[in-house]
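The following exercises concern the contacts between chains and between domains, together with the annotated regions. Each task is followed by a solution in steps.

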Amino acid sequence: MAKRIDVSDLNIYYGNFLAVEGVNVSIEPRSITALIGPSGCGKSTFLRSINRMHEVIPGGRVEGKIVMDGQDLYGPDVDPVDVRRQIGMVFQRPNPFPTMSIYENVAAGIRLNAKKMKKSDLDDLVERSLRGANLWIEVKDRLNRPGAGLSGGQQQRLCIARAIAVEPDVLLMDEPASALDPISTLAIEDLMADLKERFTIVIVTHNMQQAARVSEQTGFFNLNGVGQPGRLIEFNPTEKIFSNPDEKATEDYISGRFG
Amino acid sequence: MSQISTASVATGGSAPSGPRRSERTGRLPNWALWACFAGAAVVVGALWPVFDLNIALFVLYTVVLGTLAVYLLTRTTEGSRRATDRLVTCLVVSAFGLAMVPLVSLVWEVVSRGAARLDGEFFSSSLVGIVGEGGGAYHAIMGTLIITALTTLISVPIGLMTAIFLVEYARGRLKRAITFMVDVMTGIPSIVAGLFAYALFAIFLGPGIRLGIMGAIALSVLMIPVVVRSAEEVLKLVPNELREASYALGVPKWRTIVKVVIPTAIAGLGTGVTLAIARVVGETAPLLITLGITNATNVNAFDSRMATLPVYAYYQLTQPGVPPQFATDRAWTAALVLIILVMGLNVVARFISRFFAPKSGR
Ligand SMILES: Nc1ncnc2c1ncn2[C@@H]1O[C@H](COP(=O)(O)OP(=O)(O)O)[C@@H](O)[C@H]1O
Ligand SMILES: [Mg+2]
């Protein structure tokens, strides 16, 4: 279940380009941590390094340490595939598998990994995950229809159901609501409030109201200029960040003076 | 030629509201355009005896004159923008017509000459003991089917795996080297592929050897690069987001390829393979060298000569015997069957791409 993550002296590279530099942060279990900051400052890059998705990109590599409940995620004998089973991810654009039905999409984590499971257990898991993602009522009569036939907001909740169906410890969300309308956004935010009972959630968002609404902790990323590495400028309880931040840059960003 | 009228209707809707320089507001009825071409035909027809034209020149002059008339008429009544629009429409339609001439005349010729022998006997008997009338191409049809199936069996796994390697795994130098080799292979003349297979087998089995499998290998040399190329293009179209979604669920890369990438691309892969088959099914030169020809039915690709449709057509035409009429007829029918086969494969390809395409379900 929900686990804590400690990041120390993390540098993240694309080939020779240092994209994110010197991140030190502790992410609390059973809470929502929001990451904010201007475009291109490395929020997505940092998020993807937590579940070792960063190294999927050619030339992508990481220096430093990420420890999850005592387990070094970048340890020499750690399989990135195992890390990704423990740390789920939801992407900016909803990406259900187009060849699969709604049911199959939710069961994808089990089926694609060829895990054996009784049909009735799998049915239960699919229902539980869809309920967990607040989608069950809308789709329970058309589980065998293609997942691509849902609306954008429903597709994103389907992707969340797919992610929580493998029962990870941590859920990473990269701007999960930025492609959605306000009502779907609200649905996703409500859902996050439910999910944090069971998961450690890290969310990247462009929307500061959203960060203020949903999160307990907020990290502010910034960069000094184009070509410079992004840095975690400030990490504090959300209330403090939005009322009385330690850093001048944070205040400027939040009050809309730049970014 | 209905494109002319639809194009003018389509552009008519977006006519500019404000008056422009040299833009006239008149509107030509559709029949006026046809009248231009009819008038051109009458004029050219009247000149036929004078200039001693033939049918091709008649059509050519009519199209040129008609286009000119349409252009001038539109320019004086509807303005220069519409005139240019009509001119380009006429040019595009003429170019299309020109491109259709060889295709239509080829199909017409083959159908009209091949239909005579398109009978039951052609599909049920071989040429054993046939001198003159009758006989068929059962042995050649079976040969073509067997050789093509073998070729597909060899080429598709190799081609698909190469494409998967290129798209999903290969990087940098190695990738460029393989891509270059595939490009070179695409350009190999088919006769060279035949000689390659012949030389390869001659090393082991001595000169003068003829086997079905040799032909299949020669054709594979031609088919593999086509499969690689089309599969590569299709696999590249699979959005990276789907691979990442799968990785993020803790699915290993090879499983992601087998269970997500290939199913998503299956329609395009099937279409590509089918078109690649269509590409090699009519190859003649390599089969001439590697299979030779025979009058009897041989369905064992590992034993002696085999007949195939293209080679059959070639020999029926070049060595018809006396009188030549019957063999020549059989050659045309063989060509017709080959065309039907290729067209059938194209239809199958379309069917595959429609049937397997991801459904949106809306
Ligand atoms: N695939 C990539 N290859 C190379 N550089 C990249 C790649 N993705 C992002 N970057 C670079 O890394 C930096 C951080 O990008 P990103 O993490 O996407 O920012 P954010 O999500 O905060 O908008 C940017 O300078 C960007 O150009
Ligand atoms: Mg981003």
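**Exercise 1. Determine how many salt bridges the count gives between chain A and chain B, and describe the interface around them.**

Step 1. A salt bridge is a side-chain nitrogen of Lys or Arg within 4 Å of a carboxyl oxygen of Asp or Glu. Under this rule the count between chain A and chain B is two salt bridges. In a salt bridge, the side chain of Arg48(A) meets that of Glu244(B) at 2.8 Å, N to O.

Step 2. The model is predicted; local features need pLDDT of at least 70, side-chain atom pairs count only at pLDDT 80 or more, and totals for chains, interfaces and linings use all residues. Residues are numbered from 1 along each chain as its sequence is written, chains are lettered from A and ligands numbered from 1 in the order in which they are written, and side-chain values use heavy atoms, with hydrogens and water left out.

Step 3. Polar contacts are pairs of N or O atoms within 3.5 Å; within protein, one must be able to donate a hydrogen and the other to accept it, and residues adjacent in sequence count only if both atoms are side-chain atoms. Between chain A and chain B, six residue pairs are in polar contact, both residues at pLDDT 80 or more.

Step 4. On the side of chain A that touches chain B, helix H2 (80-86), strand E6 (87-90), helix H3 (102-111) and helix H6 (152-165) each supply at least two residues. Helices (H or I, at least four residues) and strands (E, at least two) are DSSP runs, numbered from the N terminus.

Step 5. Contact (heavy atoms within 4.5 Å) joins 32 residues of chain A to 22 residues of chain B. Buried area is the accessible area (1.4 Å probe) that two parts lose on being put together, summed over both. For chain A and chain B this area is about 2,200 Å², with 62% from carbon and sulfur atoms.

**Exercise 2. Describe how domain 1 and domain 2 of chain B meet.**

Step 1. Domain 1 of chain B covers 26-114 and domain 2 covers 124-355; the bounds come from an automatic or database domain assignment. Their centres, taken over C-alpha atoms, are separated by 41 Å. Seven residues from domain 1 of chain B and six residues from domain 2 of chain B take part in the contact.

Step 2. The two domains of chain B bury about 580 Å² between them, and carbon and sulfur atoms give 80% of this. Val110(B), Arg113(B) and Gly114(B) supply 73% of what domain 1 buries against domain 2, more than any other three residues.

Step 3. Across this domain interface the rule finds zero salt bridges and one residue pair in polar contact.

**Exercise 3. State which residues UniProt lists for "domain: ABC transporter" in chain A, and give the helix and strand content there.**

Step 1. The UniProt record, an unreviewed entry, lists residues 5-248 of chain A. Such annotations may be inferred rather than shown by experiment.

Step 2. Over residues 5-248, chain A is 35% helix and 27% strand, with end C-alpha atoms 27 Å apart.
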